[in-house]
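Reader: I am new to this structure. Please take a close look at how its strands are paired, and then set that part in its surroundings.

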Amino acid sequence: MNSRFAVSSRGIRVPHRQKDPIDVRFDGERIWSFNPERDRMRLHPSWVRWPTAVQPYLDGSAEVSLVRHGSGEIAFSEQVSFGASTAPIRLVDPAGHPLAVDKTGHLQRMFARTDRAMTEAVLDSVEQVLRDLREECGLDAFLSFGCLLGAVRSGHLIGHDSDADVSYLSPHTHPFDIIRENKRAEATMEARGWRITRMSAGDFKIWITPGGGRRVGIDVFAAFHVDGTFYMVPSVTGELDRSALLPVGEVTLEGRRFVAPARPADLLEVLYGPTWQVPDPSYSFHASHATARRMNGWLRNNRKHLRHWGDFYRSKPSSRVPPTPSPFAAWVAGRLEPHQQVLDVGSGNGRDAVYLAEQGHRVTALEGSKAARRSTRRLGVQHSVAVRPRELNLNDLSSILISGARFAHLERPPQIYARFLLDAVERDARQNFFRWAQMIQRRGGETFLEFRTWRSTLRAGAFPSKHRTLLRPNRVVAEIEQYGGSVVHREEGVALAPFEDEDPRICRLVVRWT
């Protein structure tokens with residue numbers, strides 16, 4: 001064993017000459033795999049940081065083994081203590097099944113830890129999904145990504161995979177037509193009883209429950225050609241002729257025949273590169289900046305940051321957000337006339353929405369994250385007040401216009417409340433918010449804003465800084481005025497929104513749009 005490896009709460013120290021993927025095991029169970037060349041910290045290249053999904057569990061003790069994936073050689077094995085607890089660390093689901101970090105960074109139950117009956121149930125659903133896509137939706141659908149890779153490489157599901165993937169080749173070459181086709185397919189599949197979550201304008205996820213309390217996703221990805229170049233959602237591009245995909249062929253997976261591309265190896269090389277035949281549990285997709293930007297512009301801009309906030313409100317760190325109201329909520333409540341209609345935008349766990357409802361106001365909590373809306377609903381029940389959680393996606397212009405039109409026609413203009421919203425979204429979403437507020441409050445009402453300024457800091461570990469933008473108040477005021485708003489009150493300072501060891505410099509604005 002190599003003594004230059006080390007494990008601590010900080011991460012994993014890896015020798016510079018180590019190039020091959022490493023499997024990380026806790027008490028013999030693989031919980032994660034990483035690629036040292038790709039995953040080293042930029043400022044501290046001897047170290048690899050723990051995945052975000054694992055960090056909340058690092059309080060206790062475990063026998064940690066680092067295993068070279070290719071050779072199976074144990075490079076490090078020691079009992080390691082993390083945090084203050086001495087209890088054994090267990091990464092398991094509520095039923096006690098082992099979990100591991102998947103290719104998207106989530107903790108999931110892998111196929112290697114799935115019994116035969118559940119595997120067959122998953123494959124039954126994959127067969128039916130392909131049949132429905134082809135026969136009911138009229139799509140040229142086939143097995144893809146991990147399922148296709150496992151079928152071609154070994155005839156079995158990949159042990160470190162946790163979901164299923166299918167794709168279809170669209171005959172269309174314009175993103176608008178591709179989006180319409182994908183949404184028609186979603187509607188058809190929903191009508192057939194499938195439970196679906198929209199992931200982008202070019203893909204959706206079908207949820208199945210094969211038993212044992214487990215939920216498995218079957219992703220349905222659009223593939224298409226634009227100007228002769230092949231693209232596949234989420235962010236795949238390359239040179240691949242239609243003849244490599246159609247007419248479809250077949251592959252064998254777990255002893256079953258599945259519809260597959262005409263030349264599976266050609267697609268797999270575009271998806272995974274020339275080394276696709278070599279197993280690598282640390283593999284993750286990394287699209288070029290140009291490809292990601294193009295696919296975002298065509299299909300994904302309306303999903304920005306939704307996954308981050310969904311993960312946050314499902315994770316342990318979200319419990320650090322107190323259920324008690326913020327100082328800003330009390331400040332706004334003191335300025336409101338009785339019995340107002342209040343729209344809390346970016347309501348988070350709902351603590352301020354619930355507080356304002358307790359003051360006698362009719363509150364609608366508007367959030368893009370479904371997990372946050374569930375938290376709001378639970379908190380309202382606990383406090384015995386009626387708060388209406390509703391979806392609002394500031395990245396999606398259609399969501400903005402539909403919601404804005406609905407609230408603009410209320411008998412009395414509502415009040416708008418947005419705490420720490422402007423610094424949590426990008427400029428285009430911020431401008432969509434101003435457009436939305438201006439639609440709603442043309443006849444009256446005020447918009448109450450609080451945000452971190454550029455003179456602030458982000459020290460609180462519960463809120464990663466990469467999802468916050470420290471703003472210049474003068475620039476925000478200029479944007480408001482660009483959309484016809486007038487700032488009728490402005491104040492800045494510290495001690496307005498302290499949290500743990502953070503006391504950021506805050507700006508509060510009150511805006512009228514009449």
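Author: Two strands pair if DSSP finds at least two bridges between them. Helices (H or I, at least four residues) and strands (E, at least two) are DSSP runs, numbered from the N terminus. The model is predicted, with pLDDT of at least 70 needed for local features and 80 or more for side-chain atom pairs, while totals for chains, interfaces and linings use all residues. Residues count from 1 along each chain as written, and side-chain values use heavy atoms, without hydrogens or water.

Begin with the open sheet of 3 strands, whose order is β1-β2-β5 and whose pairing is antiparallel. Its edge strands are β1 (6-8) and β5 (47-48), and each of them pairs on one side only. Between β1 and β2 there are 3 bridges, and these two strands run antiparallel. One residue pair can be picked out here: A6 has R13, in β2, as its bridge partner.

After β2 (11-13) comes the loop that leads to β3 (22-26), and K19 lies in this loop. The side chain of K19 forms a salt bridge with that of E37, at 3.9 Å from N to O; a salt bridge is a side-chain nitrogen of Lys or Arg within 4 Å of a carboxyl oxygen of Asp or Glu. Because E37 belongs to helix α1 (residues 36-39) and K19 to the loop between β2 and β3, the pair ties together parts that are 18 residues apart in sequence. A search of the whole structure finds 26 salt bridges.

Another antiparallel pair is made by strand β12 (residues 195-200) and strand β13 (residues 203-211), joined by 5 bridges. The connection from β12 to β13 is a hairpin of 2 residues. S200 has D203, in β13, as its bridge partner.

Further along is an open sheet of 7 strands, with mixed pairing and the order β21-β20-β19-β22-β23-β25-β24. The edges of this sheet are β21 (387-391) and β24 (486-493), each of which pairs on one side only. On average, neighbouring strands here are turned by 20° against each other, direction ignored (axes are lines fitted to C-alpha atoms, for helices over the stretch in contact, and angles run from 0 to 180 degrees between N-to-C directions). Within the sheet, strand β19 (residues 341-345) pairs with strand β22 (residues 415-419) in the parallel sense, over 3 bridges. D344 stands opposite Y417, a residue of β22. Strand β20, another member of the sheet, covers residues 362-367 and includes R362.

A few points concern the backbone itself. Most residues other than glycine have a negative phi, and most peptide bonds are trans. F145 is not a glycine, yet F145 has a positive phi of about 45°. This residue is part of helix α3, which covers residues 145-153.

Where are cis peptide bonds found? One joins V233 to P234, with omega near 15°. P234 sits in the loop between β15 (229-232) and β16 (236-238). Another cis bond joins L246 and P247, with omega about -5°. P247 is in the loop that runs between β16 and β17 (249-253). Strand β16 thus borders the loop that holds P234 and also the loop that holds P247.
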